[in-house]
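Please walk me through this model in the viewer, one selection at a time. Tell me what to pick next and what is found there.

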Amino acid sequence: MTEILYYPENEYQKEFDAEVQKKDEEKNYIVLDQTLFYKQGGGQPADHGKISWGEGKAEIADVQKDNGEIRHFIEGDMPEEGAEIHGEIYWERRYKHMKMHTAQHIVSKIVLDEYDATTAGNQIHADRSRIDFEPADFNEEDLEKIEEKTNQIISEDIELNKSEVARDKLEEKTESGRTNLDLIPDHIDPLRAVEIGEIDICPCGGTHVDSTGELGEFRIVERKTKGADVERIEFVLE
Ligand SMILES: [Zn+2]
């Protein structure tokens, strides 16, 4: 098992040391004893970055969890099993993901409260992200209201708290419709909880900023109807 170094609240560390536990030359990946690299999941892309060891260096082009392993896919030379590597995540990209992901939590909460619509899916990108809501049918006025309420929370510079919480306790605290806890395997306990002040709490394994003031200005750039009851909004942070 790879220890995940950014849990539960260590999301600003950019560099780390680790030992290579496994090397798969056919598929071009390594497994580390610990990592800062975010593995793709929950609508957030994998971190990219670089590793170095002795005389060697390589790029980390993708990180995926597969077969119980966190696989770091390599471009370039591969370190041997047992090698001590130094890793560095490409921070500019990761930090954008942290901001986008935090914005997604805020918008999901606002839309649940205002329109009783749940988040059916989301995809974060560094430059532009999207959330699907269901059931929803937004008009221009609704979109303006969502923008305004999101920017209000950003301007209040509200602190986030990330911690490990016992599953039953977090289930109790999470608002109905905020997230589908059934999708998280039963054996995962405690869960990582992400709280935005008193506004929102939900389980999440992604990466987020420490305070909403870091986000910049939230703007919805597109609305699309995706099927009978599903509305997609696309947003940027400026
Ligand atoms: Zn999250």
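A residue is called buried when its relative accessible area is under 20%, exposed when it is over 50%, and partly exposed in between. By that cut-off Asp200 is buried, because its relative accessible area is 5%. Keep in mind that the model is predicted.

**Whole chain**

Start with everything selected and coloured by secondary structure: there are three helices and 15 strands. The radius of gyration is 19 Å, close to the 18 Å that the globule rule gives for 238 residues, so the protein is as compact as a globular protein of that length. Turned along its principal axes, the set of C-alpha atoms fills a box of roughly 60 × 35 × 35 Å. Of the 238 residues, 46% are buried. Among contacts with a separation of 6 or more, 66% join residues 24 or more positions apart.

Now switch to a surface view. The protein exposes about 11,900 Å², and carbon and sulfur atoms supply 41% of that area.

**Charges**

Select the charged side chains next. There are 29 positive and 58 negative charges, and the mean positions of the two sets lie 3 Å apart. Side chains of opposite charge can pair when their charged atoms come close. A search of the whole structure finds 23 salt bridges.

**Stop 1: Glu114 and Lys149**

Select Glu114 and Lys149, whose side chains form a salt bridge with an N to O distance of 3.5 Å. Glu114 belongs to helix H1 (residues 91-115) and Lys149 to helix H2 (residues 140-155), so the pair links distant parts of the chain, 35 residues apart. Glu114 is partly exposed at 33% relative accessible area, and Lys149 is partly exposed at 34%.

**Stop 2: Arg128 and Glu222**

Move to Arg128, which forms a salt bridge with Glu222; their closest N and O atoms are 2.7 Å apart. Arg128 sits in the loop between strand E9 (118-123) and strand E10 (129-134), while Glu222 is in strand E14 (residues 218-225), 94 residues apart. Arg128 is partly exposed, at 32%, and Glu222 is partly exposed, at 31%.

**Stop 3: Asp200 and Arg178**

Return to Asp200 and add Arg178: the two form a salt bridge, with the closest N and O atoms 2.9 Å apart. Asp200 is in strand E13 (residues 200-203), and Arg178 is in the loop between helix H3 (167-173) and strand E12 (191-196), 22 residues apart. Are these partners buried or exposed? Asp200 is buried at 5%, and Arg178 is buried at 6%.

**Last stop**

Finish by selecting Glu11, Lys162, Arg192 and Asp210, which are joined into one network by salt bridges that share partners.

Terms used:
Residues are numbered from 1 along each chain as its sequence is written. This is a predicted model: local features need pLDDT of at least 70, side-chain atom pairs count only at pLDDT 80 or more; totals for chains, interfaces and linings use all residues. Side-chain values use heavy atoms; hydrogens and water are left out. Helices (H or I, at least four residues) and strands (E, at least two) are DSSP runs, numbered from the N terminus. The radius of gyration is taken over C-alpha atoms; the globule rule is 2.2 Å times the number of residues to the power 0.38. Buried means under 20% relative accessible area, exposed over 50%, partly exposed in between (1.4 Å probe, protein chains only). Contact means heavy atoms within 4.5 Å. Accessible areas come from the Shrake-Rupley method with a 1.4 Å probe; for residues, only the protein chains shown count as cover. Lys and Arg count as positive and Asp and Glu as negative; His and the chain ends are not counted. The place of a charge is taken as NZ of Lys, CZ of Arg, CG of Asp or CD of Glu. A salt bridge is a side-chain nitrogen of Lys or Arg within 4 Å of a carboxyl oxygen of Asp or Glu.
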